[in-house]
Each structure stands twice: as structure tokens, then as C-alpha cells.
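Let's take a walk through this fold, one piece at a time. Keep the structure open beside you as you read.

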Amino acid sequence: MPYYHDLREYIATLESQGKLRRIQAEINKDTELHPLVRWQFRGLEEAERKAFLFEKVVDGRGRRYSIPVLVAGLAASKDIYALGMRCAHHEITQRWSEAQLHPISPRLVASGPVQEEIHGEDEIKSAGLDEFPIPISTPGYDNAPYLTAAHWITKDPETGVRNMGNYRGQVKATNRLGIYCVSPDTHLAIHWNKCRKMGRPLETALVIGAVPAVSYAAVAKVPYGFDELSLAGGIAGEPIEVVRCKTVDLEVPATAEIVIEGILPTDFMEPEGPFGEAHGYMAVRSWGPCFAARCITHRKNPTWVSFLSQFTPSESSKIKQVARENIVYKRVRYDAGIEELKEVALIEMANSGRWCVLRMAHGTPREQVWRALEAATGEGKGLSLKIVIAVDEDIDPYNTELVVWAMSAAIRPHEDLRVVKKLANVHDYSSVAPGERAAVAPMISPVAKTHEASILLINGMRHQDSRGIHSAHQWNAPRSLSPDIAAAEEIYGAGQRDLGRPGLASA
Ligand SMILES: [Mn+2]
């Protein structure tokens, strides 16, 4: 099956699969829209969550918009994510690995619907971003509407290599946006800092509403220099078609709904935030550059796209979870060549990264398990891993009860724990207190150099002696914590009968 041509074809698929809620009642984007969608992440099982398409959006000033808003459309659940990949649930890891090992470069085309309407520099001083119903994510706490699903495309000013990353954009005016990058290691921040040293601005294009593969790639923390549009092509199984921007030397997906072109000046910064973060805290205000739009292009009758972010579980924690699991999987399975790896699981409640479980084949030599754990960390760069645990293959790594059981049963703390150093992350308030962060500009402040951080590696695989005794082949570990007596009888009863229950017989 060919991949989706555009977001519209994908939305039609969501609807035909019963995964879209089309809302025709009026909704206020500044107070109601995100909180309404958030409810399903608090009260429903994951499989019941849906994408929301709001068709009658109004704002706090009573203004009516003709442009609909898609929220939770790309990753409300793993089922929806699989629809976005256009593959089965169990094929997601294989697709992601293929995409990382064999990316497909975008194909430049002469024209595309994303440029059906063009608004120039003078025009966007008055209308501009005001044309779009940009929601407030955390009403009462966020200081403005934010772009949460904007993919920022820039190029390395020295090498010309492209980067596409998802960063939040604070609406400051009809033609100005704040941007938040967590550290100077962020790929856009690397480009911006290079331009800063060269004394010139950074050309930028923001993409909203491309095919899902583009969004899945944009949130992925792949190594610096890996073009996310080629990763998106790998996920789609075909090149992403791109067109040249009108005012900057960049290319953008030809069928995207909306593109905002402009520059990030490098000679000043402005306050940015506060914004409700995925880890559940309000991030304090800090300093960042301010994007100046020059031109907005969009399709006729465009759709606005917003990720449901803020406290997990959310669309943002799901979209990050799948990308990061598969980045770690590729590191361990392919870069380090560890064939015993069965699965990588990140827990959304641990910010889709701080708690990572590797499910490994029974009997993997312990030194090989340590190699896997170390490979998972990627030398502490790019992901927020903090605790990495290896467990035997009969443990469901998403079942935290079973992971706790496995660790409790298996580890010898004096030999099964290791701590490795990593770069500090300003979102880990155990390393960098919020107050310390408030004073800095994360894009230029080397917090990682002034604050210590580390990763705990836990070898939670069951020990065995030289004859393999206590390996899982001899020892039937319970596969569930069910109090069911029949299940317990099945697991333990046979063993007791084999022993002949001598104590009871003589009593
Ligand atoms: Mn990148």
C-alpha cells in the first residue's frame, strides 16, 4: 500500500477506522479545547482514545475561525500511531529500524499545494499567525498560545546539512514566535550558535500538518547530521516530496497544510515561557531567540495541527515514546550488534525516557548484557535516559509490577548496578533546580558542563551457576501476578507432585 499523500488522506483513514471524533459544537481554543481532549488521557484505556477534529473553533475574544484543529491526531494511542505509520502494530519496530538503517532522501518537485496561498511580509504584519486557531495548551498557566506541532527546518550554515526538529513556538505577535530549545546540543541550537558566531541570522521554515511520517521523524532525537526528512522517507517507504520555500533557502514538504518562513536573529534574545511541560511541572521563563516571519504559505482551506502535550500520558509522551524506543533499539540491536535484544520499552510516566527496560534473551552472557545496557545510553547524549534495566525475556517490560518483581528477585546490588556519567538535562530538576534554570538562556548556557548527571544501569537478568541452575529453563517464573488458584496450581502444583511431598506424606 503506498504511503499517505497528505494529512487529509490520513484523516480520512482515521475516520474510516473509527479513530476520529469530529466535533461540530463550538469550542473555545483558549480555554476548553486542549483540556477537553486531555480528559481521554486521564479516564480512558489507551485503546479507546481517539483523534479529535474541531470544526467550529472560537477564541477568548469571541472570534470564529473557519480553519479546523486536529488534536491527538498523530499519537493518541499506539493504534493511531500504527495507522500513521500505515503498518500493523507489530511491524512498527521493523519499520523504524529500516528507516534508520536505510533512509530515503526527499524528492524536489516544482510546485505543491502548500503554496496555494501565499501571504507576504507586509500582509503578515496585520493578519499572519492570527489567521490560525492556535490553542492554549494549559489554560491559566501558559502565557500564550503555543505552536506544539511545528517542525522547524534549518540548515547547518557550514555544511548545508538539513535538520528538522519539533520545538514549541510561543505566539508573540502576528509575525513573531518565541522558540524553546532545551540546550546548546539541540540541533537547531547548534545551527543558531554557528550563525551567531558568523554574525548572521538563521533561516528557518516551520511546517505544520505534513504526513504523519514527517511528524514522527521530527520528534526523533537522531544523531546530529541525520536528515529527519530522509528518516521520514524511510518510514513512509518512499521519498517525501518537497518544494523550495519562497523567501528562504530551504525545502519543505509539498503537501503540508501550512508553512511559516522567516529568520531567527542571533543578535538578541527575549523571555520565553512559562509552558506546561511533559514532566508535569510548569517550566519557568527563560531566554531564547525570537523568530521573525517573512512569509506564510498554506493550502486552500488548511487544517491546523496541535499535539496534546503537558503532563503524561499525552499525545506528546506517546509520540516521543515510540521514536525513542526505536532509537534505543537500533543502537543496541544494530549499532552494537546485540542479537539477544528482544524489545525496548520506555514508560510514558517517566517522561518517555528516564526509565528504560531492555528485554533480553534467556541466558545472555552477563558481559553481553552490560554491553547492551551501555549501548542503550548512547554515551548519554540526545535522550533523557536515567535508569536502564535489562530483564529476562519472559518479563513484559511495560508491566512495571513485573519489572519490579524481576529486579527484586534477580539483582545482587553489589555486582548488578553500575553508574555512568552523562550530560545534565535542564528538564531533570534533580540535576538542575528550576530556579537555576530561570537565570539562563538554555541555548547558549552550558548547563551540562556545570551540573553533574548520571545513568543507573541495572542488570536485572536472573543469575545462573556454571551448570545453568536457576536459569529460566529450570525455574518457572510466574508470568503474571494473578491470585488465581488454578493458575498457581498449574505453575507450582506439578513441581510439588514431582517431589512426592515427603513431609506431608509422613505427617
Ligand atoms: Mn536532528
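**A guided tour**

In strand 26, A390 finds its bridge partner in N459. That pair is one small piece of the contact between strand 24 (residues 387-392) and strand 26 (residues 453-459), where four bridges hold the two strands in parallel. Bear in mind throughout that this is a predicted model.

Now step back to the sheet around that pair. Strands 24 and 26 belong to an open sheet of five strands, ordered 22-23-24-26-25, and the pairing is mixed. At the edges sit strand 22 (341-346) and strand 25 (417-422), each pairing on one side only. From one strand to the next, the twist averages 20 degrees.

Two helices lie across this sheet. Helix 10 (residues 366-377) lies across strands 22, 23, 24, 25 and 26, and runs at about 150 degrees to strand 26. Helix 11 (residues 400-410) lies across strands 23, 24 and 26, running at about 80 degrees to strand 24.

Next, head back towards the N terminus, to helix 1 (residues 7-16). Here L7, Y10, I11 and L14 are buried. Why do they end up on the same side of helix 1? Because they cover an arc of only 100 degrees around the axis. Look at the other side of helix 1 and you'll find A12 and S16, which are exposed. So what do the buried residues of helix 1 pack against? The list is a mix of strands and helices: strand 1 (20-28), strand 2 (51-58), strand 4 (69-71), helix 3 (78-85) and helix 7 (212-218). Just after helix 1 comes G18, with a positive phi of about 75 degrees.

For a helix-to-helix meeting, look at helix 4 (residues 92-101) and helix 8 (residues 228-236). Their axes come within 8 Å and cross at roughly 135 degrees. An angle over 145 would count as roughly antiparallel, and helix 4 and helix 8 are therefore oblique to each other. Their crossing is right-handed. At the meeting point, helix 4 brings R95, E98, A99 and Q100, while helix 8 brings L231, G234 and I235.

On to another set of strands, with strand 8 (residues 151-155) as the place to start. Four of its five residues are buried, so strand 8 is largely enclosed by the rest of the structure. Strand 8 has an antiparallel partner in strand 9 (residues 162-166), joined to it by five bridges, and H151 stands opposite N166 there. These two strands form a hairpin with six residues between them, and in that hairpin G160 takes a positive phi near 80 degrees. Strand 8 also runs antiparallel to strand 12 (residues 202-208), this time with three bridges; I153 is bridged to A205 in strand 12.

Finally, take the strands on either side of that hairpin's residue range. Strand 7 (residues 146-147) runs antiparallel to strand 10 (residues 169-173), and two bridges join them. L147 in this pairing stands opposite G169. Strand 10 in turn pairs with strand 11 (residues 176-179), again in the antiparallel sense, over four bridges. Which residue of strand 11 does Q170 stand opposite? Q170 faces G178. Strand 10 and strand 11 make a hairpin too, with two residues between them.

Key:
Residues are numbered from 1 along each chain as its sequence is written. This is a predicted model: local features need pLDDT of at least 70, side-chain atom pairs count only at pLDDT 80 or more; totals for chains, interfaces and linings use all residues. A residue is buried if 20 or more other C-beta atoms lie within 10 Å of its own, exposed if 12 or fewer, and partly exposed in between; C-beta atoms are placed from the backbone. Two strands pair if DSSP finds at least two bridges between them. The arc is that of the directions from the helix axis to the C-beta atoms. Two residues are in contact if their C-beta atoms, placed from the backbone, lie within 7 Å. Axes are lines fitted to C-alpha atoms, for helices over the stretch in contact, and angles run from 0 to 180 degrees between N-to-C directions. Angles under 35 degrees count as roughly parallel, over 145 as roughly antiparallel, 65 to 115 as roughly perpendicular and the rest as oblique. A crossing is left-handed if the near helix is turned anticlockwise from the far one by less than a right angle, and right-handed if clockwise.
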